[in-house]
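Here are three short exercises to work through with the structure open beside you. Try each task before you read its solution.

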Amino acid sequence: MSEEYILEMQDIVKEFPGVRALKGVQLKVRPGTVHTLMGENGAGKSTLMKCLIGIQPPTSGKIIFDGKEVEFKNPLQAMNSGITMIHQELSPVPERTVCENLWLGRFPMKNPLMCDHKKARQEALDLFQKWKLDLNPDDMMKDLTVAKQQMVEIAKAVSYDAKVVVMDEPTSALTETEVEHLFSIIADLKSKNVAIIYISHKMDEIFRISDDITVFRDGEYVGTDRAENLDVDKLVTMMVGRQVGNMFPKVDCPIGDVILEVKDLASGRAFEHVSFDLHRGEILGFAGLVGAGRTEIVETIFGIRQRTAGQIFINGEEVHIKSPEDAIKNKIGLLTEDRRGNGIFGLLDITENTVMANLKNYGFPQNHKKMKEDAIKWNKAMRTKTPSMEQKIMNLSGGNQQKVLVARWLLLDPDILIVDEPTRGIDVGAKAEIHSIITKLAGEGKAIIMISSELPEVSGMADRMIVMYEGHMMGILNRNRESDTPFDSDEVMKYAHGEKNDFATAK
Amino acid sequence: GCGSSGSSSGGNGSAESTGSGESGKITLVMAQRDEFLSTLEAAATKAAAEKGYKLTAQDAQSDSQKQIQFVETAKNGGEDAVIVNPVDSDAAQSIVDAAGDMPLVFVNRPPTDLHVLDAENVAFVGSDEDTSGYFQGEYLAQYYKDKGQTEIKYILLQGILGQVSQIKRCAGVVKALEDNGIKATPVVELAAEYDRAKAIDKISPVLTSGQEFDCIISNNDAMALGAVEACENAGITIDFPIVGIDCTKDGAAAVESGKMAMTVFQNPEGQGIGAVMACANLIAGKAINEGTDYDLDSNGESYSDSIIWVPFEPVTKDNVADYM
Amino acid sequence: MEATKKGFDFKKFMSNNAMWFVLIVLAVLLTIARPAFLTVANMTTLFTSESIKGIITCGVCWCILSKGIDLGPGSVAALAAVISASFAQQSDALNRLHSIHLPAIVCIIIGMIIGAVIGIIVGWLVAYTHIHPFIATLGSQLICRALAKMYSSAPVSNLDQSFRNFAIYKIAGIPMVVFIFLLIFIISWFMMTQCRFGKNIFAIGGNDQAARVAGINVEKNLVLTYMWSGICAGLAGALLAARTGSADPSTNGLQYEFDAIAAATVGGTSQTGGVCRMSGVLSGILVLGVINNGLVLLGANDNLTQIIKGLIIVGAVVVDMRKNAKKP
Amino acid sequence: MEATKKGFDFKKFMSNNAMWFVLIVLAVLLTIARPAFLTVANMTTLFTSESIKGIITCGVCWCILSKGIDLGPGSVAALAAVISASFAQQSDALNRLHSIHLPAIVCIIIGMIIGAVIGIIVGWLVAYTHIHPFIATLGSQLICRALAKMYSSAPVSNLDQSFRNFAIYKIAGIPMVVFIFLLIFIISWFMMTQCRFGKNIFAIGGNDQAARVAGINVEKNLVLTYMWSGICAGLAGALLAARTGSADPSTNGLQYEFDAIAAATVGGTSQTGGVCRMSGVLSGILVLGVINNGLVLLGANDNLTQIIKGLIIVGAVVVDMRKNAKKP
Ligand SMILES: Nc1ncnc2c1ncn2[C@@H]1O[C@H](COP(=O)(O)OP(=O)(O)OP(=O)(O)O)[C@@H](O)[C@H]1O
Ligand SMILES: Nc1ncnc2c1ncn2[C@@H]1O[C@H](COP(=O)(O)OP(=O)(O)OP(=O)(O)O)[C@@H](O)[C@H]1O
Ligand SMILES: [Mg+2]
Ligand SMILES: [Mg+2]
């Protein structure tokens, strides 16, 4: 490769207390290209990026940017030099407007003392227009959907005239239309000779936009190659060090009796007139765009959200679930989509995180030995990667945190397991594992509700699929067991965009 | 029912004017609400009712600013007079300013600068804090002279550091000992903030560590009683004097039972009644001590006719019965 | 989902200004009960007595906004009061602490500098050692009170008229201290809405990770926040001495921090950080002021006053919480 | 990443137990300076003095663990003290409040019930209205103090010996109050480490949303937390009256909450919730106790004592923070 590199990172080592997250890795990025960084959860991708932009200084190593050796002390220095980043974990300031979030830390000034609110708003509008973003600078950040918040982050990152833009799993909260939008933005940036470092676990995306791909494994550098020289299998082998079998190990198992019946359920305006039933051994998928109200449905069933109309029956008997406590008593489990917000207990260790929904089973006084045994058992089943069971969960990578949470619900052994975006931000290997566990549970006669914004995932796993649009059910599709494409994705998209509605009369 | 034969004389005055048909409002602003001031308040309320006034008490919670506010608000609300137990005696001038031409009586704690009493409408009723500690010192001096001892070591329990009463009481006792030829050195000075529990906690380590001392001097009875408790807890027989100030009910009981050697009676009822009488007299334009048994200040200063002294009285086992 | 309505949003306006309505209702009720309430004289009294706490509140609300707290101001005020007053004692003062005499304005500035220095130390601790502001400022509370008492064991009084005038000189019948409070309030408002500093503190209080990632120097801004709170406390202390004519180390400013925190919170400043409006803070200051003043006028027993005050503080915050009510 | 070493982790042990080392160092230094420090008599004194605050700390640490705070205990203790003491007055007491006389144990239980009721109210407010615990408990502080003063304007004294024995009766030379403190400590420890309740509070303090999703009844547990803190405060109040032989509504328990919060925090309880170890809390109580006791023995001036105390509290927390040092 003869091109000049805009960015070179050499022999980067990063140590945390008790953990060596990066063991001398390298990354070379050409200008005007999309350089994808791949690796399992916890491989050190985000850590390397944090080293780059000065959030966590590397323990050792060299960074050459634009021909000069640099060492950023804080993100501001990095931004001013021309490196910006979209962070993996969204971090908006919820109580402020979109405009203020956009100009965080660099609000335009009228004079050395006063901010220029007019200019800020106008420039925000110009920016949104330029990148065709559907955002209102006056909206409160907390009122936006996750997807829109992510779009603000993207707008923020492109608003600096950066030479390198780091995108750490930017699409994990986006719908397909927005992903397309992002890709057009990326194309535009490329044409302006901006380099993009792209991190994602979604294979289809990666092969669509990557020029170069670098793979890490366990904090070590595995290799870099042009995208066209690679395919999914090669890439997965590089990442995981072995072949990963079937991504969607769907096994058709006998569908049993109805276990859960939902009649005309509603929660305020978030969704209305939702009716369906769920059988033992069945995987019921919910598809739809982000903001379609799927999360709200399962939150209502689980008692997190208030039910304003409708009935819920379990095994034919009406239940009144007012809190997750009630739901768990009725043997329902919910793996929520907001891992950091309402999933993990960051300060507690893996054992405690695993058993937390299940404390009733450890008696009085609590049997700590049994807790630890159970935690070890289920985390082994999930292949959670951790130095020890005493590690605080906040020190694990996102994917491994997710595995601990899955372990939590498996330990509870619910009859009905609801999983909301179960594989968001999870690497391919772990994804396959989670899929096979879900399949296995269905095989044991459990009933599963699965929400995913990745259509292939729902298609690959579900026996039936309900498609939602703006809080309403649009259609229920049955799996075509014979076909290679069990669900017709064009059809699904029509429902998901509200262009087709089987329940129009029900309104 | 406290009040010795000689001290509850304010009652005489109020009896004379009962039924005079006056009706008005007086505000009493207290620095804080404690046992002493509550007793004062009760006596003042009763005396005011007898004189036909409605008395409202306010607690400034040790905030001299709030005190000014209370006075101003009383003025805005059209009160006839205001009685102030100042948080900060040095801030008396600003209270006088706030009161304007409304009759104002300081009670219990005198203004540091007595010249503020020169104004027509301002008076003071209280006891001379210089003497309270002095009585303690005189008693102790006599006690040790009788024993033939001229050098003593004492443990001092102080009130809230920086408050005038704490400063004057400490200074008074030291001065009296000195004046009477006793060389007194402190073993330790402990700030227990007038609180019984704090006094126990603070003095206990000193007692159990076996440091030598001859007596325990306390700025008030509550702390002295704390010291008594601490001695009993530590198994120390009280064969040395413990002296307090206030002559609270518990204090008097302790003097009677010999646990405390003496206390100094500060007459809350006399002060309360005297303050109300002074208000009534200011309003009526009479001499402020008219209708009371108390004398005006006799120093012949320009402000002397604006001061009523309600004397402190030393209380020992001999006369404690009068105060119970 | 529905599009939000354009134009005037009555509900939002109401909930944003709930405290002002509470204030008006309280004022009307009080005026009916005691016509003396709504007089120029009494309003002047009310504002004058709330000014000093109001100045402290203008500082403390910043700390709360930044997701912290400041328990120090009362003691800082006491320390600033004794020190600044000691330079303004009349030459014939009864108990003069030392013989150095400085112009009044310099004394006031000394008070502010003392506050600033303490604020910087506290802010440094909070920003760089990550110790919780509750503890850092509890420490400053203990230490400053003790320092004030060490500096002077008795009240510092007999102060220059020129010094006292900073609080009591009247313009159009209104004492200076009210104008100074308004000035500090306006500066606070200006910084909060018009300056980058304000925006930075909103960001830090709302999400310090986000602020840091956006390149905001979180540490520096936190130091400045506590410095500002310290300056306000120091100024309040100096003015307290000027107003009362005496600086009492043992009682000055006692519990002022709680009144200030209560006022800020009643005024809608959220203890979870990131939410504060100066207009709300003003309403909080005035609500507490009206309660203090009104209950005295009504001749309520002071124990009852405390209970009512406690209930109103809690009640106001409960009402205010409903607008931020979390979804189930 | 590499696996961490197995076996004894010295560094972790040190950082988990830093306060115990501080304690030992302090004790050694004090013993050198004043041999009277390390005597059985003085140790008994130290424990006795710290017991009542220790009991309050055992309650307050739970509130801090749950990401809250409790500013009420001092006033709650005062209220419980006057009320419980009023039922234990000797029939010939000088100023008997009323003529109802109850057995000593009932009086103590009354104190605990008062605390529990207030705790339940506060907990209910915190849990169901989402008002910040700082404000809810500031309200309970104001109100309980006023109620105590209303209940009795003078100290309630002349208490039954049987009532007083709950604090002062000595077993093997050690007063009962120490044993009661240890009992409360052990109950607290047991609940925190061995019971579901403890785990629930850890979860709630760490992430209340996640706790809810994990099926924990957040509201109920918060109410129980503040109830426990109230019970501890009420018990402490009753014992305070028993120990001093008098319940003073205006001074009892003043500022005890700060000492308790300081002790809990020095002992490693994190104000950001979710972190607390009872052994740490004990070390915190003892560190503050040693400072209080030692500085008296050294004959330090009280103002100096306050300054040193402030510095040690802040210093200890700074040292302790280093182990939790947040990544940027
Ligand atoms: N503050 C920390 N303390 C200890 N270990 C840490 C810390 N931060 C990260 N790690 C460890 O560093 C490793 C790399 O984490 P990183 O977040 O970079 O992974 P990643 O490749 O971005 O994974 P993912 O795909 O899940 O986002 C993980 O093993 C994680 O446990
Ligand atoms: N805090 C909130 N305030 C107002 N509306 C909200 C809030 N949270 C969610 N909504 C609305 O509820 C609807 C569904 O939200 P959400 O984005 O969680 O849907 P979803 O179908 O679960 O999508 P996904 O799971 O893919 O994120 C949206 O219309 C959203 O605007
Ligand atoms: Mg990552
Ligand atoms: Mg969702």
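**Exercise 1: the six-stranded sheet**

Work out how strand 6 and strand 7 of chain A pair, and place them in their sheet.

*Solution.* Keep in mind that this is a predicted model.

Step 1. Follow the bridges: four of them link strand 6 of chain A to strand 7 (residues 164–168) of chain A, and the sense is parallel. For a landmark, find Ile86(A), which lies opposite Met167(A) of strand 7 of chain A.

Step 2. Now look at what packs on the sheet. Helix 1 (residues 45–53) of chain A touches strand 3 (34–39), strand 6, strand 7, strand 8 (195–199) and strand 9 (212–217) of chain A. The direction of helix 1 makes about 130° with that of strand 3 of chain A. Helix 5 (residues 146–159) of chain A also packs here, touching strand 6 and strand 7 of chain A, and its direction makes about 175° with that of strand 6 of chain A.

Step 3. Read off the whole sheet: it is open, has six strands in the order 6-7-8-3-9-10 (chain A), and its pairing is mixed. Strand 6 (83–86) and strand 10 (220–226) of chain A are the edges; each has a single partner strand, so one side of each lacks a neighbour in the sheet. On average, neighbouring strands of this sheet are turned by 20° against each other, direction ignored.

**Exercise 2: the four-stranded sheet**

Find the edge strands of the open sheet with the order 12-11-14-15 (chain A).

*Solution.* Step 1. The four strands of this sheet pair in the antiparallel sense. Strand 12 (271–279) and strand 15 (317–319) of chain A each have a single partner strand, so they stand at the edges with one side left without a neighbour in the sheet. The average turn between neighbouring strands here is 25°, direction ignored.

Step 2. Check one pair: strand 14 (residues 309–314) of chain A runs antiparallel to strand 15 of chain A, with three bridges between them. Ile314(A) has Glu317(A) of strand 15 as its bridge partner.

Step 3. Add helix 9 (residues 294–302) of chain A, which packs on the sheet and touches strand 11 (258–267), strand 12 and strand 14 of chain A. Its direction makes about 70° with that of strand 12 of chain A.

**Exercise 3: two copies**

What rotation superposes chain D on chain C?

*Solution.* Step 1. The rotation is 180°, with 0.1 Å of shift along its axis, and the RMSD is 0.2 Å. The two copies are therefore related as by a two-fold rotation axis.

Step 2. Compare the interfaces: 95% of the interface residues of chain D are interface residues in chain C too, so the copies meet through the same surface.

Notes
Residues numbered from 1 in each chain as written. Chains lettered and ligands numbered in written order. Predicted model: local features only at pLDDT ≥ 70, side-chain atom pairs only at ≥ 80, totals over all residues. Heavy atoms only, no water. Least-squares fit on C-alpha atoms with pLDDT ≥ 70 in both. Contact = heavy atoms within 4.5 Å. Pairing = 2+ DSSP bridges. Helix = DSSP H or I, 4+ residues; strand = E, 2+ residues; numbered from the N terminus. Axes fitted to C-alpha atoms, helices over the stretch in contact; angles between N-to-C directions.
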